[in-house]
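The following exercises concern a ligand site and a helix. Each task is followed by a solution in steps.

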Amino acid sequence: MVNSSTGSVFPDGFLWGGATAANQIEGAYDEGRRGLATSDFAPFISREANRGYEGDPLPHNAMTREMLDDALEHPEKWNLPKRRGIDFYHRYREQLAELAAMGFKVFRMSISWSRIFPNGDDAEPNEEGLAFYDAVFDECHRLGMEPLVTLCHFDTPLNLALKYGGFKSRHTVDAFERYAETVFSRYKGKVKYWLTFNEINNVLTNPFTCSGVVLPDPNDGTHNPYKGDWAMKYQVSHNQFVASAKAVIKCHEIDPEAKIGNMVCRLENYAESPKPEDQLQVLFEDHFNWFYSDVQAKGEYPYYMKRFFDENDIHIEMEPGDEETLKAGTVDFVTISYYMTYIMRYKGEPVPKPSGSLVSAIKNPYLEASEWGWPIDPLGFRITLNHIYDRYHLPIFISENGLGAVDQLDENGYVEDDYRIDYLKRHVEQLGEAIKDGVDVFGYAWWGPIDLVSSGTSEVSKRYGFVSVDLDDFGSGTHKLGRKKSFYYYKKLIASNGADLSTDNIVIE
Ligand code: P53
């Protein structure tokens, strides 16, 4: 079990590294013939917008046609940080070098679809966009990092969102397939690991962000899975399942050496009490999470959704061949983002209702929470990994895990971020325990190894990085990079292949 020469429970060649997304790092939203994407309209609202639990999903997710039209006409009225990112587009060499300096083996990133097809469905791909990613992948390899690439991470091309309602339409499914085919052919041999959609299950809470669905009205509750147009959201999910399966099939055809996985935001649920009703609620809620990975890993709709669809008058429109496509397009590995756990109390109804809020409405008295109210639960990580492996028996990659915090950076961009080190240490410990339990995990990517723009709140001041970037929420700053204390900790951890987790011998160089 433990490697006798390294003392590590992590397999040789374990992929340690970090994860990012195009819309949160690249910037240069109007350069290189890139087209607009939904993420270019995610506004920064206020620093307070997402501090702790507020009982309802966030205002920035309730993107409406009205807001969109206003931001299109008067962009100067809005603070749109995802247009700026951290300027990875121009600075990727120095930024990747810092990650490589920690000994990264893997760099998770995404391709901006609208850099390759500016309108999402153009007749020809944009060579400037393709060349940019060639350069980035080459640089990753030069630095000894394997790129792991998400096809679509919360940034559907705007044109498809406006004209077709994004993945409401099969037109977008076809466009996605063509985009996937284009990048698989172009980067064959350069990219070994692909993911289809980031957090595909988040369509229930963020249909605009995840799937390019423009909401009709900010108050109609569509962004709240308790309310709104469920039939639409499940139809969109179906269309994305088909798009994902088609991409898997294409990937295998084009590059038999490549592996392709899915990605869900994993919601591990605990019952509030030993009351059987609370336990039953956990079962119901679990269905909404397992549903997504079940379809993508097993290739068919699970039995438990039928009753829910029937009782809620949801009729999924399938095209001939869809079921075969889902069956043929199952993923090679499963990936998750893991940030926190949730507590369930019976709702007094037989029909499952997804919780949907960003954080658990009921606080877990045994856990501390981040400054944004996200409960910190390393043991939950081990539990969830066991559940996933037991269900699929497929290799697992951790696509995201991390801690967003307000860092007090000094003039060198340094901070004694012991809170981040503690979070990392405790999660990697439990990852090791899961591996000892027999779970097959082949890599771990920390979310935001370099400070970037938050997905949920569009803040830069919600910092995740080991590497700091001198930038604020309004785009001011020099972009100078700094190394936090956690930089040196992660470097040491990687060098020992996860065997050395001690925090008292961190060498700050
Ligand atoms: P931010 C909600 C809950 C858990 C993970 O999130 C989530 C979300 C959506 O905001 O998203 C993932 O930046 C996502 C990343 C994102 C990261 O978690 O809101 O895949 O793009 O940045 C962290 O703190």
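A residue counts as buried when its relative accessible area is under 20%, and as exposed when that area is over 50%. The model examined here is predicted.

**Exercise 1.** Determine which residues of helix 11 are buried and how they are arranged about the helix axis.

*Solution.* Step 1. Helix 11 spans residues 304-311, and its buried residues are Tyr304, Met305, Phe308 and Phe309.
Step 2. Viewed down the axis of helix 11, these buried residues fall within an arc of 125°, so they line one face of the helix.
Step 3. The general rule is that an α-helix has 3.6 residues a turn, so residues three or four places apart point the same way.
Step 4. On the face of helix 11 turned away from the buried side, Lys306 and Arg307 are exposed.

**Exercise 2.** Identify what covers the buried residues of helix 11, and describe the phi of Asp313, which follows the helix.

*Solution.* Step 1. The cover includes helix 9 (230-254), helix 10 (276-298) and helix 13 (378-392).
Step 2. Asp313, following helix 11, has a positive phi, near 55°.

**Exercise 3.** Characterise the surroundings of the ligand and its polar contacts.

*Solution.* Step 1. The ligand is surrounded by 16 residues, of which Glu400, Ser455, Gly456, Lys462 and Tyr464 are the closest.
Step 2. Sorted by class, this shell comprises seven nonpolar, six polar and three charged residues.
Step 3. With a cut-off of 3.5 Å for a polar contact, consider side-chain N or O atoms: an oxygen atom of the ligand lies 2.5 Å from one in Tyr464, 2.7 Å from one in Glu400 and 3.3 Å from one in Tyr339.
Step 4. Of the 480 Å² of accessible area that the ligand has on its own, the protein covers 97%.

Terms used
Residues numbered from 1 in each chain as written. Predicted model: local features only at pLDDT ≥ 70, side-chain atom pairs only at ≥ 80, totals over all residues. Heavy atoms only, no water. Near = heavy atom within 4 Å. Polar contact = N/O pair within 3.5 Å; in protein donor to acceptor, adjacent residues only side chain to side chain. Areas by Shrake-Rupley, 256 points an atom, 1.4 Å probe, with all protein chains shown as cover. Nonpolar A, V, L, I, M, F, W, Y, C, P; charged D, E, K, R; others polar. Buried < 20%, exposed > 50% of the residue type's maximum accessible area, 1.4 Å probe, protein only. Helix = DSSP H or I, 4+ residues; strand = E, 2+ residues; numbered from the N terminus. Arc of directions from axis to C-beta. Contact = heavy atoms within 4.5 Å.
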